[in-house]
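Student: I would like a close look at one part of this model, namely the place where a helix of one chain meets the other chain, together with the sheets and helices that surround it. Please take me through it in one connected account.

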Amino acid sequence: MVENDIFKALADPTRRAIFEKLAAGGMNASALREGLAISQPAMSQHLSVLRGAGLVREERQGRFVRYEVDPQGLTAIAQWLAKYRAYWPRRIEALRGLLKEMDQ
Amino acid sequence: MSADEAEGAPEPLVLDYRLDAPPEKVWRAISMPGLREAWLPGADLADPEPIVLAPGEALRYRMREDEPPFRKSAVTFRISADEAGGTRLNVIHERARPGGRTIMAANSNAPPLLRAA
């Protein structure tokens, strides 16, 4: 999975809305369109981009396709945040140390 | 405090710190390469020279990881005096936009990404 694809996929406000809706629970494309002013072909296109980025996966259920958030796709984002949530406090502690040593 | 530049990026990391030193001193520590190196190593930066957004108030470093996947990002430091003679430091860390371009103008009022899962 290419991480840039994830950020590109989520940079679009409509796709972000779709993704956030799916984050609350999986559903099929027509249920997904409810409340969103978006045509069926446009929805297919957005879902295709989200799927391509590894953020959403589909599961065929009889005549319908159910879409849901793919937890693996979120891993890259979570890893980035986790890394730097730990990184900055250490850096800032080092900055505090430096400020103590510096002359006024 | 403003997080204008963060808009449009998927989910910037925003952190606030209080430092027990006046803003002028903090500015030197974050802007002068010799001092910056003591707490923010150049190995983590794509460019050791800061981009000064507002002298004495805000600057930005472009960052690049020194190991795979070599992710690019940009960190903005904003400083201001606090009531006690110290400094408030606001850290906004954003991933690079696709294509490697880092965040300049914001043109989106999109809500921040929901924390899913």
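Tutor: What follows starts from the sheet of chain B, moves to the helix that lies across it, and ends with the sheet of chain A.

Please keep in mind that this is a predicted model, and that every value below is computed from its atoms.

Chain B has two helices and five strands as its secondary structure, and read from the N terminus its elements follow the order β-α-α-β-β-β-β. Of the 117 residues in chain B, 26% are buried. If one takes the contacts in chain B between residues at least 6 apart in sequence, 49% of them connect residues that are at least 24 apart.

The five strands of chain B make an open sheet with antiparallel pairing, and their order across the sheet is β1-β5-β4-β3-β2. At its edges stand β1 (13–19) and β2 (51–54) of chain B, each of which pairs on one side only. On average, and with direction ignored, neighbouring strands of this sheet are turned by 20 degrees against each other. Starting from the β2 edge, three bridges hold β2(B) and β3(B), the latter being residues 58–64, in an antiparallel pair, and within that pair I51(B) has R60(B) as its bridge partner in β3(B). The hairpin of β2(B) and β3(B) has three residues between the strands, and in this hairpin G56(B) adopts a positive phi near 80 degrees. One strand further along, β3(B) is joined to β4(B) by seven bridges, again in the antiparallel sense, with R62(B) finding its bridge partner in A74(B) of β4(B).

Two helices, one from each chain, can now be placed against this sheet. From chain A, helix α5 (residues 71–101) lies across β1 and β5 (87–95) of chain B, and it runs at about 20 degrees to β1(B). From chain B itself, helix α1 (residues 23–31) packs on the sheet, where it touches β1, β3, β4 (72–81) and β5 of chain B, and its direction makes about 165 degrees with that of β4(B).

A single side chain helps to locate the meeting of the two chains, namely W88(A), which is found in helix α5 of chain A. Once its neighbours within four places in sequence are left aside, W88(A) is in contact with L15(B) and V91(B). W88(A) has 18 C-beta neighbours inside 10 Å and therefore counts as partly exposed, since a residue is called buried if 20 or more such atoms lie within that distance.

The two helices also meet one another. In general, a pair of packed helices is described by the angle between their axes and the distance between the axes. For α5(A) and α1(B), the packing angle is about 120 degrees and the axes are 10 Å apart. The two helices are therefore oblique to each other, because angles of 65 to 115 degrees count as roughly perpendicular and those over 145 as roughly antiparallel. The crossing of α5(A) and α1(B) is right-handed, and the residues that make the contact are L95(A), L98(A) and L99(A) on α5(A), with K25(B), V26(B) and A29(B) on α1(B).

Turning to chain A, one finds an open sheet of three strands, ordered β1-β3-β2 and paired in the antiparallel sense. Its edges are β1 (27–28) and β2 (56–61) of chain A, and each has a single partner strand, so one side of each is left without a neighbour in the sheet. On one side, β1(A) pairs with β3(A), residues 64–69, over two antiparallel bridges, and M27(A) has Y67(A) as its bridge partner. The antiparallel strands β2(A) and β3(A) are joined by six bridges, among which R57(A) is partnered by E68(A) of β3(A). Two residues lie between the strands in the hairpin of β2(A) and β3(A), where G62(A) has a positive phi near 65 degrees.

The last piece is helix α2 (residues 13–23) of chain A, in which R15(A), R16(A), I18(A), F19(A) and L22(A) are buried. These residues cover an arc of only 160 degrees around the axis, which puts them on the same side of α2(A). Just after α2(A) comes G25(A), with a positive phi of about 155 degrees.

Methods
Residues are numbered from 1 along each chain as its sequence is written. Chains are lettered from A and ligands numbered from 1 in the order in which they are written. This is a predicted model: local features need pLDDT of at least 70, side-chain atom pairs count only at pLDDT 80 or more; totals for chains, interfaces and linings use all residues. Two strands pair if DSSP finds at least two bridges between them. Helices (H or I, at least four residues) and strands (E, at least two) are DSSP runs, numbered from the N terminus. Axes are lines fitted to C-alpha atoms, for helices over the stretch in contact, and angles run from 0 to 180 degrees between N-to-C directions. Two residues are in contact if their C-beta atoms, placed from the backbone, lie within 7 Å. A residue is buried if 20 or more other C-beta atoms lie within 10 Å of its own, exposed if 12 or fewer, and partly exposed in between; C-beta atoms are placed from the backbone. The arc is that of the directions from the helix axis to the C-beta atoms. Angles under 35 degrees count as roughly parallel, over 145 as roughly antiparallel, 65 to 115 as roughly perpendicular and the rest as oblique. A crossing is left-handed if the near helix is turned anticlockwise from the far one by less than a right angle, and right-handed if clockwise.
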